[in-house]
Amino acid sequence: MKLKDKVALITGGSSGIGKETSLLLAKEGAKIVVVDINDMNGQAVVAQIKQTGGEAIYVHADVSKAKDAENMVAQAEHSFGKLDILLNNAGIMHSNDNDAVKTSEEVFDLTYNINIKGVFLGCKYGIPALQRAGGGSIINTASFVAKLGAATPQLAYTASKGAVLAMSRELAVSHAREGIRVNALCPGPLRTELLMKFLNTEEKKQRRLVHVPMGRFGEAAEMAKAVLYLASDDSSFVTGTEFMVDGGITAAYVTPE
Ligand code: NAD
């Protein structure tokens, strides 16, 4: 087991990447704090972990609210005594997110509050806990769109994920000598609810897949394996990276037939 006696807090843990990562990290011995606003699904993830002999709690927290972020970290330390791993993963892709002309200020602000302010607040309260634990690993979920302009416009989302990369880099530099590693995970397009809701027609799905050399959407479970690497000592000299797990999309100029 790669994470025996470690404690991991995972935001957006009720679904998709967060859910699969909660299950995998638990299998590797970590005690899991599942954080989300979808209480029913979050409790179900906790139940699934417990069924297989793991330890987990669920904490309701809206990552865009300081009080909630502070409480989720406090609950982790209260229940399991410390915090070693923080996955700032909760994020939204609003169905009305579009280009600069069509995207409303409300959609822009909402996206920023969750996708980037949420990462800031997770770190604001999580880093002191990692310092108390003597070090640890932070993984912030960005996206391949932080590196490429999307063919189906989603301006607020794209900009928020670019900000996640910039913030992760600086955090990595600031805390490297405290034994805290910070990396950004950049998933390619995944077959999760979040993206399938946004690419809600076959035409939109195919338009996105044209750009993926592997010719398929990725799976949340494939992201969980990447997070496990970044969370564990296997990546002990890895910090400040933009870890691409994207089916080759950011390497492609034109895709092979
Ligand atoms: P998902 O929709 O399956 O899961 C996101 C989870 O975040 C949900 O459980 C949701 O309830 C939760 N959440 C939303 N707002 C929240 C808030 N304010 N506070 C707490 N929890 C909140 O999506 P996913 O695909 O697993 O996405 C996870 C992360 O991966 C996101 O940051 C997303 O932007 C990123 N990502 C996804 C893809 C993709 O193709 N699906 C690609 C690149 C990056």
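**Questions on a ligand and its surroundings**

Student: Let's start with the ligand in this predicted model. How far is a backbone N or O atom of Ala-61 from a nitrogen atom of the ligand?

Tutor: Happy to start there! A polar contact needs a pair of N or O atoms within 3.5 Å. The pair here joins a backbone N or O atom of Ala-61 to a nitrogen atom of the ligand, and the distance is 3.4 Å.

Student: Which residue has a polar backbone atom 3.0 Å from a nitrogen atom of the ligand?

Tutor: Here again the protein partner is a backbone atom and the ligand partner is a nitrogen atom. The 3.0 Å distance belongs to the backbone of Val-63.

Student: And what is the distance from a polar side-chain atom of Ser-15 to an oxygen atom of the ligand?

Tutor: Ser-15 is listed among the closest residues to the ligand, together with Asp-36, Tyr-157, Leu-190 and Thr-192. The side chain of Ser-15 places a polar atom beside a ligand oxygen, at a distance of 2.5 Å.

Student: What share of the ligand's area does the protein bury?

Tutor: Begin with the ligand taken alone, which exposes 820 Å². The space that the ligand takes is the largest pocket. Of the area exposed by the ligand alone, the protein buries 93%.

Student: How many charged residues are in the shell around the ligand?

Tutor: The ligand is surrounded by 28 residues. Sorted by class, the shell has 14 nonpolar and 11 polar residues, and the charged ones number three.

Student: Which helices each supply at least two residues of that shell?

Tutor: You can trace them along the chain by their residue ranges, which are 16–27, 155–175 and 193–198. In that order, they are helix 1, helix 5 and helix 6.

Student: Let's turn to the backbone. What is the phi of Asp-5 near?

Tutor: Asp-5 sits in the segment before strand 1, which covers residues 7–11. Most residues other than glycine have a negative phi. Asp-5 is not a glycine, yet its phi is positive, near 70°.

Student: Is Asn-140 buried or exposed?

Tutor: Asn-140 belongs to strand 5, residues 136–141. Its side chain makes a polar contact of 2.9 Å with the side chain of Asn-88. Buried means under 20% relative accessible area. Because the value for Asn-140 is 0%, this residue is buried.

Student: What is the separation of the C-alpha atoms of Ala-76 and Gly-162?

Tutor: Ala-76 lies in helix 3, which spans residues 66–80, and at 0% relative accessible area Ala-76 is buried. Ala-76 and Gly-162 are 86 residues apart along the chain, and their C-alpha atoms are separated by 29 Å.

Student: What does Gly-215 count as at 48% relative accessibility?

Tutor: You'll find Gly-215 in the loop between helix 7 (202–209) and helix 8. From Gly-215 to Leu-9 there are 206 residues in sequence and 33 Å in space, C-alpha to C-alpha. The exposed class needs over 50% and the buried class under 20%. A value of 48% is in between, so Gly-215 counts as partly exposed.

Student: How far apart are the C-alpha atoms of Ala-44 and Leu-165?

Tutor: Ala-44 is placed in helix 2, residues 39–51, and is partly exposed at 43% relative accessible area. Along the chain, 121 residues separate Ala-44 from Leu-165, while the distance between their C-alpha atoms is 31 Å.

Student: One more: which helix does Ala-221 lie in?

Tutor: Ala-221 is partly exposed, with 35% relative accessible area. Its C-alpha atom is 25 Å from that of Ala-172, 49 residues away along the chain. The residue range 220–231 includes Ala-221, and that range is helix 8.

Key. Residues are numbered from 1 along each chain as its sequence is written. This is a predicted model: local features need pLDDT of at least 70, side-chain atom pairs count only at pLDDT 80 or more; totals for chains, interfaces and linings use all residues. Side-chain values use heavy atoms; hydrogens and water are left out. A residue is near a molecule or strand if one of its heavy atoms lies within 4 Å of it. A polar contact is a pair of N or O atoms within 3.5 Å; within protein, one must be able to donate a hydrogen and the other to accept it, and residues adjacent in sequence count only if both atoms are side-chain atoms. Accessible areas come from the Shrake-Rupley method with a 1.4 Å probe; for residues, only the protein chains shown count as cover. On a 1 Å grid over the protein atoms alone, a cavity is a set of points where a 1.4 Å probe fits but cannot get out, and a pocket is an open set with protein on both sides within 12 Å along at least five of seven lines; lining residues have an atom within 4 Å of a point. A molecule sits in a cavity or pocket if more than half of its atoms lie within 2 Å of its grid points. Helices (H or I, at least four residues) and strands (E, at least two) are DSSP runs, numbered from the N terminus. Ala, Val, Leu, Ile, Met, Phe, Trp, Tyr, Cys and Pro count as nonpolar, Asp, Glu, Lys and Arg as charged, and the others, Gly among them, as polar. Buried means under 20% relative accessible area, exposed over 50%, partly exposed in between (1.4 Å probe, protein chains only).
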